[in-house]
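Here are my notes on the model you sent. Please read them with the structure open.

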Amino acid sequence: MTSHEVAFAVLAIVGLISALRMVTTKNMVHGALFLVITLAMVGGVYLLLAAEFVAWVQIVIYVGAIVVLLLFSLMLTRAPIGREALDNQQRGVAAVVAAGVLAGLLVIIQGAFSGTTFTAQPTRIAQVGYAIFRHFVAPFEVVSVLLLGALIGAIALARRDEP
Amino acid sequence: MIHLWLPLTFSATLFAIGVYGVLARRNAIMVLMSIELMLNAVNVNLVAFSQALRSALLTGQVFALFVITVAAAEIGIGLAIVILIYRNRETVNVDEINLLKW
(Lines give C-alpha, C1' and ligand atoms only; values in the text may rest on other atoms or scores of the structure.)
Protein backbone atom coordinates (compact mmCIF):
# COMPACT_ATOMS: atom_id res chain seq x y z
CA MET A 1 0.00 0.00 0.00
CA THR A 2 1.29 3.42 -0.84
CA SER A 3 1.16 6.26 1.66
CA HIS A 4 -1.68 7.78 -0.36
CA GLU A 5 -3.73 4.65 0.16
CA VAL A 6 -2.98 4.52 3.89
CA ALA A 7 -4.10 8.13 4.30
CA PHE A 8 -7.17 7.37 2.22
CA ALA A 9 -8.04 4.34 4.35
CA VAL A 10 -7.70 6.35 7.58
CA LEU A 11 -10.01 9.11 6.27
CA ALA A 12 -12.49 6.56 4.96
CA ILE A 13 -12.64 4.56 8.19
CA VAL A 14 -13.12 7.65 10.36
CA GLY A 15 -15.81 8.92 7.99
CA LEU A 16 -17.64 5.61 7.86
CA ILE A 17 -17.58 5.13 11.64
CA SER A 18 -19.03 8.58 12.23
CA ALA A 19 -21.63 7.99 9.50
CA LEU A 20 -22.66 4.78 11.27
CA ARG A 21 -22.88 6.64 14.57
CA MET A 22 -24.96 9.31 12.82
CA VAL A 23 -27.66 6.87 11.70
CA THR A 24 -27.71 5.03 15.04
CA THR A 25 -27.29 7.80 17.59
CA LYS A 26 -29.99 8.54 20.14
CA ASN A 27 -29.42 12.30 20.19
CA MET A 28 -30.16 14.31 17.06
CA VAL A 29 -27.69 17.10 17.80
CA HIS A 30 -24.95 14.50 18.15
CA GLY A 31 -26.14 13.12 14.81
CA ALA A 32 -25.66 16.50 13.15
CA LEU A 33 -22.17 16.78 14.66
CA PHE A 34 -21.25 13.27 13.47
CA LEU A 35 -22.44 14.41 10.03
CA VAL A 36 -19.86 17.23 10.25
CA ILE A 37 -17.08 14.67 10.77
CA THR A 38 -18.25 12.53 7.86
CA LEU A 39 -18.52 15.51 5.51
CA ALA A 40 -15.09 16.79 6.52
CA MET A 41 -13.60 13.35 5.87
CA VAL A 42 -15.24 13.29 2.43
CA GLY A 43 -13.60 16.69 1.84
CA GLY A 44 -10.27 15.15 2.80
CA VAL A 45 -10.92 12.33 0.34
CA TYR A 46 -11.43 14.94 -2.40
CA LEU A 47 -8.09 16.51 -1.46
CA LEU A 48 -6.41 13.10 -1.71
CA LEU A 49 -8.03 12.64 -5.11
CA ALA A 50 -6.42 15.99 -6.05
CA ALA A 51 -9.77 17.69 -6.63
CA GLU A 52 -8.91 20.81 -4.69
CA PHE A 53 -11.80 23.05 -5.70
CA VAL A 54 -14.44 20.39 -4.99
CA ALA A 55 -12.86 19.84 -1.57
CA TRP A 56 -13.11 23.51 -0.57
CA VAL A 57 -16.63 23.77 -1.96
CA GLN A 58 -17.50 20.71 0.13
CA ILE A 59 -16.10 22.33 3.28
CA VAL A 60 -17.75 25.70 2.66
CA ILE A 61 -21.19 24.53 1.52
CA TYR A 62 -21.68 21.27 3.42
CA VAL A 63 -19.79 21.77 6.66
CA GLY A 64 -20.36 25.51 6.71
CA ALA A 65 -23.86 26.05 5.43
CA ILE A 66 -25.92 22.88 5.32
CA VAL A 67 -25.01 21.64 8.80
CA VAL A 68 -25.79 25.07 10.26
CA LEU A 69 -29.15 24.95 8.46
CA LEU A 70 -29.80 21.49 9.92
CA LEU A 71 -28.86 22.61 13.43
CA PHE A 72 -31.15 25.63 13.15
CA SER A 73 -34.06 23.47 12.06
CA LEU A 74 -33.33 21.08 14.93
CA MET A 75 -33.61 24.12 17.17
CA LEU A 76 -36.90 25.24 15.61
CA THR A 77 -38.58 21.83 15.80
CA ARG A 78 -38.71 19.48 18.72
CA ALA A 79 -35.55 17.33 18.84
CA PRO A 80 -36.54 14.21 20.75
CA ILE A 81 -33.97 12.02 22.48
CA GLY A 82 -34.10 8.24 22.54
CA ARG A 83 -34.08 5.36 20.15
CA GLU A 84 -37.86 4.86 20.11
CA ALA A 85 -38.46 8.52 19.29
CA LEU A 86 -35.97 8.58 16.41
CA ASP A 87 -36.27 5.14 14.81
CA ASN A 88 -39.33 3.47 13.36
CA GLN A 89 -40.23 -0.21 13.62
CA GLN A 90 -38.50 -1.26 10.37
CA ARG A 91 -34.93 -1.25 11.63
CA GLY A 92 -34.32 -4.91 10.77
CA VAL A 93 -35.77 -4.62 7.28
CA ALA A 94 -33.80 -1.43 6.70
CA ALA A 95 -30.57 -3.14 7.77
CA VAL A 96 -31.28 -6.06 5.42
CA VAL A 97 -31.96 -3.71 2.49
CA ALA A 98 -28.82 -1.67 3.20
CA ALA A 99 -26.70 -4.82 3.48
CA GLY A 100 -28.15 -6.06 0.18
CA VAL A 101 -27.33 -2.77 -1.56
CA LEU A 102 -23.80 -2.86 -0.13
CA ALA A 103 -23.23 -6.49 -1.13
CA GLY A 104 -24.45 -5.88 -4.68
CA LEU A 105 -22.29 -2.79 -5.11
CA LEU A 106 -19.22 -4.53 -3.69
CA VAL A 107 -19.65 -7.51 -6.03
CA ILE A 108 -19.89 -5.16 -9.01
CA ILE A 109 -16.85 -3.15 -7.88
CA GLN A 110 -14.76 -6.27 -7.30
CA GLY A 111 -15.77 -7.68 -10.66
CA ALA A 112 -15.19 -4.57 -12.71
CA PHE A 113 -12.45 -2.52 -11.04
CA SER A 114 -10.46 -4.84 -8.77
CA GLY A 115 -7.14 -4.33 -10.57
CA THR A 116 -7.49 -0.75 -11.77
CA THR A 117 -5.15 1.85 -10.36
CA PHE A 118 -4.76 5.51 -11.15
CA THR A 119 -2.60 8.46 -10.22
CA ALA A 120 -4.56 11.56 -9.34
CA GLN A 121 -3.52 14.50 -11.50
CA PRO A 122 -3.76 17.82 -9.62
CA THR A 123 -6.46 19.98 -11.15
CA ARG A 124 -6.04 23.72 -11.00
CA ILE A 125 -9.05 25.86 -10.16
CA ALA A 126 -8.55 27.67 -13.48
CA GLN A 127 -9.19 24.40 -15.30
CA VAL A 128 -12.45 23.89 -13.41
CA GLY A 129 -13.56 27.42 -14.18
CA TYR A 130 -12.63 26.98 -17.82
CA ALA A 131 -14.63 23.74 -18.01
CA ILE A 132 -17.70 25.27 -16.35
CA PHE A 133 -17.80 28.52 -18.31
CA ARG A 134 -16.67 27.13 -21.66
CA HIS A 135 -18.31 23.72 -21.91
CA PHE A 136 -21.01 23.57 -19.24
CA VAL A 137 -22.59 27.02 -19.49
CA ALA A 138 -26.14 25.78 -20.07
CA PRO A 139 -26.20 23.43 -17.03
CA PHE A 140 -24.64 26.22 -14.97
CA GLU A 141 -27.46 28.61 -15.92
CA VAL A 142 -30.08 25.94 -15.23
CA VAL A 143 -28.60 25.35 -11.77
CA SER A 144 -28.64 29.12 -11.13
CA VAL A 145 -32.35 29.28 -11.96
CA LEU A 146 -32.95 26.22 -9.77
CA LEU A 147 -31.21 27.90 -6.84
CA LEU A 148 -33.27 31.06 -7.35
CA GLY A 149 -36.45 28.98 -7.44
CA ALA A 150 -35.42 27.11 -4.30
CA LEU A 151 -34.66 30.41 -2.53
CA ILE A 152 -38.05 31.92 -3.37
CA GLY A 153 -39.82 28.65 -2.62
CA ALA A 154 -38.18 28.26 0.80
CA ILE A 155 -39.11 31.83 1.75
CA ALA A 156 -42.69 31.36 0.53
CA LEU A 157 -43.07 28.07 2.39
CA ALA A 158 -41.52 29.00 5.71
CA ARG A 159 -42.82 32.50 6.30
CA ARG A 160 -45.92 33.05 8.39
CA ASP A 161 -48.96 34.32 6.57
CA GLU A 162 -49.73 37.81 7.77
CA PRO A 163 -53.45 38.45 8.17
CA MET B 1 -1.09 5.79 -7.00
CA ILE B 2 -4.45 4.68 -5.64
CA HIS B 3 -6.41 1.52 -6.32
CA LEU B 4 -9.75 2.51 -7.79
CA TRP B 5 -11.64 0.09 -5.55
CA LEU B 6 -10.69 2.11 -2.45
CA PRO B 7 -12.77 5.22 -3.23
CA LEU B 8 -15.48 3.07 -4.82
CA THR B 9 -15.79 0.86 -1.72
CA PHE B 10 -15.85 3.92 0.53
CA SER B 11 -18.58 5.42 -1.60
CA ALA B 12 -20.63 2.20 -1.70
CA THR B 13 -20.47 1.80 2.09
CA LEU B 14 -21.43 5.44 2.64
CA PHE B 15 -24.37 4.97 0.27
CA ALA B 16 -25.54 1.84 2.10
CA ILE B 17 -25.36 3.65 5.46
CA GLY B 18 -27.45 6.45 3.91
CA VAL B 19 -30.01 3.91 2.68
CA TYR B 20 -30.25 2.46 6.19
CA GLY B 21 -30.72 5.94 7.66
CA VAL B 22 -33.47 6.87 5.21
CA LEU B 23 -35.35 3.64 5.87
CA ALA B 24 -34.87 3.34 9.63
CA ARG B 25 -35.21 6.90 10.89
CA ARG B 26 -38.61 8.41 11.57
CA ASN B 27 -37.57 11.99 12.21
CA ALA B 28 -37.75 13.95 8.95
CA ILE B 29 -34.56 15.92 9.67
CA MET B 30 -32.59 12.71 10.22
CA VAL B 31 -33.98 11.40 6.92
CA LEU B 32 -32.71 14.56 5.20
CA MET B 33 -29.27 14.08 6.79
CA SER B 34 -29.15 10.49 5.49
CA ILE B 35 -30.04 11.73 2.00
CA GLU B 36 -27.03 14.07 2.26
CA LEU B 37 -24.87 11.02 3.01
CA MET B 38 -26.10 9.30 -0.15
CA LEU B 39 -25.45 12.41 -2.28
CA ASN B 40 -21.93 12.62 -0.86
CA ALA B 41 -21.32 8.98 -1.77
CA VAL B 42 -22.31 9.72 -5.37
CA ASN B 43 -19.99 12.75 -5.41
CA VAL B 44 -17.03 10.64 -4.25
CA ASN B 45 -17.73 8.28 -7.13
CA LEU B 46 -17.92 11.13 -9.64
CA VAL B 47 -14.63 12.67 -8.54
CA ALA B 48 -12.85 9.31 -8.41
CA PHE B 49 -13.95 8.38 -11.92
CA SER B 50 -13.11 11.86 -13.19
CA GLN B 51 -9.53 11.32 -12.01
CA ALA B 52 -9.31 7.67 -13.04
CA LEU B 53 -10.58 8.28 -16.57
CA ARG B 54 -8.49 11.47 -16.96
CA SER B 55 -11.47 13.40 -18.23
CA ALA B 56 -10.16 16.34 -20.26
CA LEU B 57 -13.25 18.43 -19.54
CA LEU B 58 -13.22 17.51 -15.83
CA THR B 59 -16.80 16.31 -16.36
CA GLY B 60 -16.95 14.37 -13.10
CA GLN B 61 -15.73 17.24 -10.94
CA VAL B 62 -18.01 19.79 -12.61
CA PHE B 63 -20.96 17.44 -12.19
CA ALA B 64 -20.03 16.92 -8.53
CA LEU B 65 -20.20 20.71 -8.09
CA PHE B 66 -23.65 20.73 -9.71
CA VAL B 67 -24.78 17.91 -7.41
CA ILE B 68 -23.59 19.90 -4.38
CA THR B 69 -25.61 22.90 -5.60
CA VAL B 70 -28.75 20.82 -6.15
CA ALA B 71 -28.26 19.23 -2.71
CA ALA B 72 -28.14 22.71 -1.16
CA ALA B 73 -31.38 23.66 -2.90
CA GLU B 74 -32.97 20.38 -1.85
CA ILE B 75 -32.04 20.72 1.80
CA GLY B 76 -33.32 24.33 1.87
CA ILE B 77 -36.71 23.38 0.45
CA GLY B 78 -36.85 20.22 2.57
CA LEU B 79 -36.22 22.04 5.82
CA ALA B 80 -38.76 24.72 4.89
CA ILE B 81 -41.35 21.97 4.38
CA VAL B 82 -40.33 20.30 7.67
CA ILE B 83 -40.75 23.57 9.58
CA LEU B 84 -44.11 24.18 7.90
CA ILE B 85 -45.29 20.68 8.85
CA TYR B 86 -44.06 21.15 12.41
CA ARG B 87 -45.99 24.41 12.66
CA ASN B 88 -49.20 22.75 11.47
CA ARG B 89 -48.99 19.26 12.98
CA GLU B 90 -46.62 19.62 15.98
CA THR B 91 -44.62 16.61 14.74
CA VAL B 92 -41.92 15.88 12.19
CA ASN B 93 -42.17 12.10 12.32
CA VAL B 94 -42.56 10.83 8.78
CA ASP B 95 -44.74 7.88 9.82
CA GLU B 96 -47.34 10.18 11.36
CA ILE B 97 -47.65 12.42 8.30
CA ASN B 98 -50.12 10.59 6.06
CA LEU B 99 -52.15 13.41 4.56
CA LEU B 100 -51.46 12.34 0.97
CA LYS B 101 -51.62 8.61 1.68
CA TRP B 102 -54.67 6.81 0.27
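1. The C-alpha centres of domain 1 and domain 2 of chain A lie 23 Å apart. Domain 1 covers 3-89 and domain 2 covers 124-163. These bounds come from an automatic or database domain assignment.

2. A word on the basis. This is a predicted model, in which local features need pLDDT of at least 70, side-chain atom pairs count only at pLDDT 80 or more, and totals for chains, interfaces and linings use all residues. Residues are numbered from 1 along each chain as its sequence is written, while chains are lettered from A and ligands numbered from 1 in the order in which they are written.

3. Helix α7(A) takes in residues 137-158. Its 22 residues should span 32 Å at 1.5 Å a residue, and the end C-alpha atoms are indeed 32 Å apart. The expected span is 1.5 Å times one less than the number of residues. Two of the 22 residues are buried, so α7(A) lies largely in the open. Buried means 20 or more other C-beta atoms within 10 Å of the residue's own; exposed means 12 or fewer; partly exposed is in between; C-beta atoms are placed from the backbone.

4. Chain B has three helices and one strand, in the order β-α-α-α from the N terminus. Helices (H or I, at least four residues) and strands (E, at least two) are DSSP runs, numbered from the N terminus. The C-alpha atoms of chain B fill a box of roughly 55 × 25 × 20 Å along the principal axes. The radius of gyration is 17 Å, against near 13 Å for a compact globule of 102 residues. That radius is taken over C-alpha atoms, and the globule rule is 2.2 Å times the number of residues to the power 0.38. Buried residues make up 56% of chain B.

5. How many residues does each chain give to the contact? Chain B gives 61 and chain A gives 73. Contact means C-beta atoms, placed from the backbone, within 7 Å. On the chain B side, β1, α1, α2 and α3 each give two or more residues. The largest share, 20 residues, comes from α3(B). The chain B side divides into 45 nonpolar, eleven polar and five charged residues. Here Ala, Val, Leu, Ile, Met, Phe, Trp, Tyr, Cys and Pro count as nonpolar, Asp, Glu, Lys and Arg as charged, and the others, Gly among them, as polar.

6. Strands also link the chains. Two bridges join β1 of chain A (residues 117-118) to β1(B), and the strands run antiparallel. Pairing requires at least two DSSP bridges between two strands. Ile2(B) is the bridge partner of Phe118(A).

7. Look at Tyr20(B) in helix α1 of chain B. Tyr20(B) counts as buried because it has 25 C-beta neighbours inside 10 Å. Tyr20(B) touches Val23(A), Ala94(A), Ala95(A) and Ala98(A), leaving aside residues up to four places away in sequence.

8. Helix α2(B) has 25 residues and reaches 36 Å, close to the 36 Å expected. Of those residues, 19 are buried, and the helix is mostly covered.

9. Check the loop between α2 and α3 of chain B, where Arg54(B) is found and Leu58(B) lies too. Arg54(B) has a positive phi of about 50° without being a glycine. Leu58(B), also not a glycine, has a positive phi near 55°. Is each one buried or exposed? Arg54(B) is exposed, with 11 other C-beta atoms within 10 Å. Leu58(B) is buried, with 25.

Methods. Two residues are in contact if their C-beta atoms, placed from the backbone, lie within 7 Å.
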